[in-house]
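Thank you all for making the time this morning. I would like to walk through one protein model, going from the overall fold to the strands and then to a pocket, and I will try to keep to what the coordinates say.

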Amino acid sequence: MDLMQKLESLANRYEELNTLMAQPEVLSNIPLLQRYGREQAELEEVVQKYYQLRTTLKELEEAEELERESDDPALRELAREEITRLKERRELLTEEVKLALLPKDAMDEKNAIVTIQGGAGGEEAALFAADLFRMYSRYAEQRRWKIEILDLNETDQGGIKDITFLVRGKGAYRRLKYEGGTHRVQRVPVTEANGRIHTSTAKVIVLPEADEEINIEIKESDIRIDVFRSTGHGGQSVNTTDSAVRITHLPTGLVVTCQDEKSQLKNKERALSVLKARLWDLEEARRQEELGKARRSQVQMGDRSEKIRTYNFPQDRVTDHRIGLTRYNLQGVLDGELDEFIDNLIAADQADRLQRLFAEEPAAVQ
């Protein structure tokens, strides 16, 4: 099945759904009506693009026929100009319709749960983790997203051993999911007396916020809940009640802590949400493994232990190793100017998925 046949098949299904949703027996069956409605909504974008493409191809055919058969030189010249314009539109619509064919990530529009963990490098790694948190905070401000800290473990020098926070905003996970992986910094640490450049790392984990659409069951018998007193910077108590909550998932050994809220109940709810997201992530990793590495996006689904980006202070350089993109604007990036990197990562991910989607079938529109 070539591209146009695939599109025609989807358009036929779209029109069939229109007919089905007008039937009395469907109108009276609310769950069925909703299912058909969701399916139609998923098809709408690609089908509308197909209709535009089909119209453009018809107009192109007519212009080419006019250019071949007209005896009027002026009319033939106008036809040639129209052919040029329509060919450009054909190419644009072809690319748009291919992108519309890509399966949508159901998690894309969700809020994001981000964890940053200082890695190799001791205190310098913790300071770098704090820099990354500031970078994402600035990026969130630019996009008018809200950040809510769920758990924070700081060092005496202002670094962050680990932090988990919620990024609340439309499409937060769609963009931030490309930030997951190991980030590396090369600079002279403030603790270095001899001016030597050190290399340190921090790991970033990005998950979609769990809600009713993420079907992960957590049995009461599978978790242990501990409560303790919230602590602030340097271990100083900031709460006189045992409001902090630690949940251990016994089957997997996952541990989630939440202590930002003063309410024990709210901390428990947030910790369960984070646990649910992490369990979903484990299931997703298993599914990806079953699909095989050849079908995984190297941009989005790489090994989290892999180095994805380097921040080199002496050279004022930031390099994303997945797509080979380097920019000499380190301070700007650390101030939240991430869109160029993320936009290019999204484009690379789409190109990778398009290549796999059309690997075994012709994709050109004639």
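What follows is a short tour of this model, which is a predicted one.

Let me begin with the whole chain. The protein has 9 helices and 11 strands, and of its 366 residues, 42% count as buried. If we take the contacts in the protein with a separation of 6 or more, 63% of them are accounted for by residues 24 or more positions apart.

Now to the sheets. In one open sheet there are 8 strands, arranged in the order β2-β3-β1-β5-β4-β9-β10-β11, and the pairing is mixed. The edge strands are β2, residues 146-154, and β11, residues 325-327, each of which pairs on one side only. On average, and ignoring direction, neighbouring strands of this sheet are turned by 15° against each other. As a general reminder, strands of a sheet pair through backbone hydrogen bonds, either parallel or antiparallel.

Strand β9 is a useful place to look at both kinds of pairing. With β4 it pairs in the parallel sense, over 5 bridges, and here Val-185 stands opposite Tyr-311 in β9. With β10, by contrast, β9 pairs in the antiparallel sense: residues 307-312 and residues 317-320 are joined over 4 bridges. Within that antiparallel pair, Thr-310 stands opposite Thr-319 in β10, while the bridge partner of Asn-312 in β10 is Arg-317. The hairpin of β9 and β10 has 4 residues between the strands, and one residue to look at there is Asp-316, which takes a positive phi near 55°.

Is β9 enclosed or open to the outside, and why? Buried here means under 20% relative accessible area, and 5 of the 6 residues of β9 are buried, so this strand is largely enclosed by the rest of the structure.

Two helices should be mentioned together with this sheet. Helix α5, residues 123-142, lies across β1, β2, β3, β4, β5 and β9, and runs at about 115° to β4. Helix α9, residues 339-357, lies across β9, β10 and β11, and runs at about 170° to β11.

There is also an open sheet of 3 strands, in the order β6-β7-β8, with antiparallel pairing. Its edges are β6, residues 223-228, and β8, residues 254-258; each has a single partner strand, so one side of each is left without a neighbour in the sheet. Neighbouring strands of this sheet are, on average and with direction ignored, turned by 15° against each other. Strand β7, residues 244-249, pairs with β8 in the antiparallel sense over 5 bridges, and the bridge partner of His-249 in β8 is Leu-254.

Finally, a pocket. The second largest pocket has a volume of about 430 Å³. Of the 13 residues that line this pocket, the closest to its centre are Glu-42, Leu-43, Leu-102, Pro-103 and Lys-104. The elements that give two or more residues to its lining are α1 (3-20), α3 (30-69) and α4 (73-101), and the largest share, 5 residues, comes from α3. What is the make-up of the lining of this second largest pocket in nonpolar, polar and charged residues? The lining divides into 9 nonpolar residues, no polar ones and 4 charged ones.

Key. Residues are numbered from 1 along each chain as its sequence is written. This is a predicted model: local features need pLDDT of at least 70, side-chain atom pairs count only at pLDDT 80 or more; totals for chains, interfaces and linings use all residues. Side-chain values use heavy atoms; hydrogens and water are left out. On a 1 Å grid over the protein atoms alone, a cavity is a set of points where a 1.4 Å probe fits but cannot get out, and a pocket is an open set with protein on both sides within 12 Å along at least five of seven lines; lining residues have an atom within 4 Å of a point. Grid points are joined across faces, edges and corners, and a volume is the space filled by probe spheres set on the points. Ala, Val, Leu, Ile, Met, Phe, Trp, Tyr, Cys and Pro count as nonpolar, Asp, Glu, Lys and Arg as charged, and the others, Gly among them, as polar. Two strands pair if DSSP finds at least two bridges between them. Axes are lines fitted to C-alpha atoms, for helices over the stretch in contact, and angles run from 0 to 180 degrees between N-to-C directions. Contact means heavy atoms within 4.5 Å. Buried means under 20% relative accessible area, exposed over 50%, partly exposed in between (1.4 Å probe, protein chains only).
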